[in-house]
Amino acid sequence: MKKLRLFAFLFMAVVLGGVLVSCSSDDDGDGDGGYSKSDIVGCWVYSNGDDISKLELFEDGTCQTLETWDSGDDMDLGEGTYTVNGNKLTLRLTFDDEKETWEYTIKTLKKKKQLVLVDEDGDTYTFDYYKK
């Protein structure tokens with residue numbers, strides 16, 4: 001009976017150890033927010049009901065954003081470039097003839113899953129990865 005308890009205890013210890021090891025952080029980067037372009041390349045979609053934003057980040061440093069609001073009645077297309085420096089993402093976009101620079105802090109990045117950005121005003125945007 002003691003051997004059975006010992007075996008059960010050891011078995012649980014091994015299983016628990018495996019669970020704890022496999023539950024490490026899902027964030028990409030080097031642990032201190034050191035992200036690169038290759039970490040965030042892809043198509044990301046943000047939605048908060050009637051408003052939808054699609055952000056496409058390409059390997060060559062170019063990007064496109066498409067924003068729709070009022071259930072798709074209005075939309076705005078921006079094109080430009082982006083840079084990643086540590087945990088900072090900067091988009092330089094042109095909408096028709098208007099140029100804008102958007103700066104974000106990358107709060108969370110789960111490669112090919114989720115991208116959480118915080119703008120200069122402290123507003124948080126959670127983008128989900130979109131597979132084409």
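# Questions on a predicted model

Biologist: In the hairpin of E7 and E8, which turn residue has a positive phi?

Modeller: The model is a predicted one. In it, E7 and E8 run antiparallel and are joined by five bridges. Four residues lie between the two strands of this hairpin, and the turn residue with a positive phi, about 90°, is Gly 122.

Biologist: What is the bridge partner of Leu 115 in E8?

Modeller: E7 covers residues 114-119, and E8 covers residues 124-129. Across from Leu 115, the bridge partner in E8 is Phe 127.

Biologist: Is E7 largely enclosed by the rest of the structure or open, and how many of its six residues are buried?

Modeller: A residue counts as buried when its relative accessible area is under 20%. E7 is largely enclosed by the rest of the structure, because the number of its six residues that are buried is five.

Biologist: How many bridges pair E6 with E7?

Modeller: E6 and E7 form a hairpin with three residues between the strands, and Lys 112 in the turn has a positive phi of about 60°. One bridge puts Thr 108 with Val 116 in E7. Elsewhere, Thr 105 stands opposite Val 118 in E7. The two strands pair in the antiparallel sense, and the number of bridges is six.

Biologist: Thr 105 of E6 also has a residue of E5 opposite; which one?

Modeller: E5 (residues 88-95) and E6 (residues 98-110) pair in the antiparallel sense over eight bridges. Opposite Thr 105 in E6 stands Lys 88.

Biologist: Which residue takes a positive phi in the hairpin of E5 and E6?

Modeller: Two residues lie between the strands of that hairpin. The one with a positive phi, near 55°, is Asp 96.

Biologist: In what order do the eight strands close into a barrel?

Modeller: The secondary structure comes to two helices and eight strands. The two helices come at the N terminus, as the elements run α-α-β-β-β-β-β-β-β-β. The eight strands pair in the antiparallel sense, and the order of the barrel is E1-E2-E3-E4-E5-E6-E7-E8. From one strand to the next, the twist averages 30°.

Biologist: Where E1 meets E8, which residue of E8 stands opposite Trp 44?

Modeller: E1 (residues 42-47) and E8 run antiparallel and are joined by two bridges. Opposite Trp 44 in E8 is Tyr 129.

Biologist: Is Thr 65 buried or exposed, and what is its relative accessible area?

Modeller: Thr 65 has its place in strand E3 (residues 62-69). Its contacts beyond four places in sequence include Leu 55, Leu 77, Leu 93, Phe 95 and Trp 102. The cut-off for buried is under 20%. Thr 65 is therefore buried, with a relative accessible area of 4%.

Biologist: The side chain of Thr 65 has a polar atom 3.4 Å from a backbone oxygen; which residue holds that oxygen?

Modeller: Beyond four places in sequence, the residues in contact with Thr 65 include Lys 54 and Asp 76. The backbone oxygen that lies 3.4 Å from a polar atom of its side chain belongs to Lys 54.

Biologist: A polar contact joins the side chain of Gln 64 to which residue's side chain?

Modeller: Gln 64 is also found in strand E3. Gln 64 counts as partly exposed, because its relative accessibility is 26% and that class lies between 20% and 50%. Beyond four places in sequence, Gln 64 touches several residues, among them Phe 58 and Glu 79. The polar contact of 2.8 Å joins its side chain to that of Glu 79.

Biologist: How far apart are the C-alpha atoms of Gln 64 and Leu 93?

Modeller: Along the chain the two are 29 residues apart. In the model, the separation of their C-alpha atoms is 8.0 Å.

Biologist: Which element has the lowest confidence in the protein?

Modeller: The protein averages a pLDDT of 80, and 73% of the residues score at least 70. Over residues 1-31 the pLDDT is below 50, and this stretch has 12 contacts beyond near neighbours in sequence. Confidence is highest in strand E5, at 97, and lowest, at a mean of 40 over residues 2-22, in helix H1.

Biologist: What share of the 132 residues is buried?

Modeller: The protein exposes about 9000 Å², of which carbon and sulfur atoms supply 52%. Of its 132 residues, the buried share is 27%.

Terms used. Residues are numbered from 1 along each chain as its sequence is written. Side-chain values use heavy atoms; hydrogens and water are left out. Two strands pair if DSSP finds at least two bridges between them. Axes are lines fitted to C-alpha atoms, for helices over the stretch in contact, and angles run from 0 to 180 degrees between N-to-C directions. Buried means under 20% relative accessible area, exposed over 50%, partly exposed in between (1.4 Å probe, protein chains only). A polar contact is a pair of N or O atoms within 3.5 Å; within protein, one must be able to donate a hydrogen and the other to accept it, and residues adjacent in sequence count only if both atoms are side-chain atoms. Contact means heavy atoms within 4.5 Å. pLDDT is the predictor's confidence in each residue, from 0 to 100. Accessible areas come from the Shrake-Rupley method with a 1.4 Å probe; for residues, only the protein chains shown count as cover.
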